[in-house]
Amino acid sequence: MGLPYSSTYNYFGEIKMPQVTAHESKEFDKSQNGLFNLHYRLVIVTKQSEPYLENDGISKKIKNQISELSEKYNVRVYGKEIYKNALKISFRADPTTDLTKYIGVIKRSTSVVIKNMLEQDVEGIWKPKYVLV
C-alpha cells in the first residue's frame, strides 16, 4: 500500500522538498537564548469572495497599512500580494511575537481602510478564519 498524499509526499510517494526563496535564507536571528529563523505566510480571504480589493487605490493603502503595522510589531514583511478577494503576506517574526494579535490588528485596520474607500455600509470584510503557514 502506498503512502498517503500529503504536503510532505507527492502522489508517487517521493519526498517533496520545500522551495526556499531568497528571503528565506539560512540567516538566523539571535536572541538571548538561541537562534531562530521563523518565516510565515498569511492568507486572509474576503467574505463570500467579494472582490473588495480589485481597486488599485485600496490595494496601495492596504500595503502601506501593513508596512506601518508590521514595524510596530517587529515583523519584517518581504512579500505582499493582493488579489481581488484575498490578501497574502509573507513575513519573518520573532518567537515572542503575538501572531494572533498581529493578525487581528491587520484584519481590523485593513477592513477600516476598505470600508472608508468603498463608502458603503459593509458589515464584515474578512472571513473569521485565516491560514497561517
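What covers the buried residues of α2? In this predicted model, the cover includes β3 (39-45), α1 (56-72), β4 (76-82), β5 (86-92) and β6 (131-132).

**First stop: helix α2**

Select residues 99-118, which form helix α2. With 20 residues at 1.5 Å a residue, the helix should span 28 Å, and its end C-alpha atoms are indeed 28 Å apart, so the expected and modelled spans agree. Next, colour the buried residues of α2: L99, Y102, I103, G104, V105, I106, K107, S109, T110, S111, V113 and I114. To see what lies over them, display the covering elements, among them the strands β3, β4, β5 and β6 and the helix α1. Then step just past the end of α2 to E119, where phi is positive, at about 55°.

**Second stop: the nonpolar core**

Now select I62, L87, F91 and I114, the residues with the most contacts inside the largest nonpolar core, a set of 25 residues. Two or more residues of this core come from each of β3, α1, β5 and α2. The greatest contribution is that of α2, which supplies seven residues.

Centre the view on I62. Neighbours within four places in sequence being set aside, I62 is in contact with L53, I82, L87, T110, V113 and I114. Of these partners, T110, V113 and I114 are also among the buried residues of α2.

**Third stop: the aromatic rings**

Finally, show the side chains of Y40, Y73, F91 and Y102, which ring pairs link into a cluster. The structure as a whole holds three aromatic pairs. Two members of the cluster recall earlier selections: F91 from the nonpolar core, and Y102 from the buried residues of α2.

Technical notes
Residues are numbered from 1 along each chain as its sequence is written. This is a predicted model: local features need pLDDT of at least 70, side-chain atom pairs count only at pLDDT 80 or more; totals for chains, interfaces and linings use all residues. Side-chain values use heavy atoms; hydrogens and water are left out. Helices (H or I, at least four residues) and strands (E, at least two) are DSSP runs, numbered from the N terminus. The expected span of a helix is 1.5 Å times one less than its number of residues. Buried means under 20% relative accessible area, exposed over 50%, partly exposed in between (1.4 Å probe, protein chains only). Contact means heavy atoms within 4.5 Å. Rings of Phe, Tyr and Trp (its six-membered ring) pair if their centres lie within 6.5 Å; planes under 30 degrees apart count as stacked, over 60 as edge-to-face and the rest as tilted. A nonpolar core is a set of buried Ala, Val, Leu, Ile, Met, Phe, Trp, Tyr and Cys residues joined through side-chain atoms within 4.5 Å.
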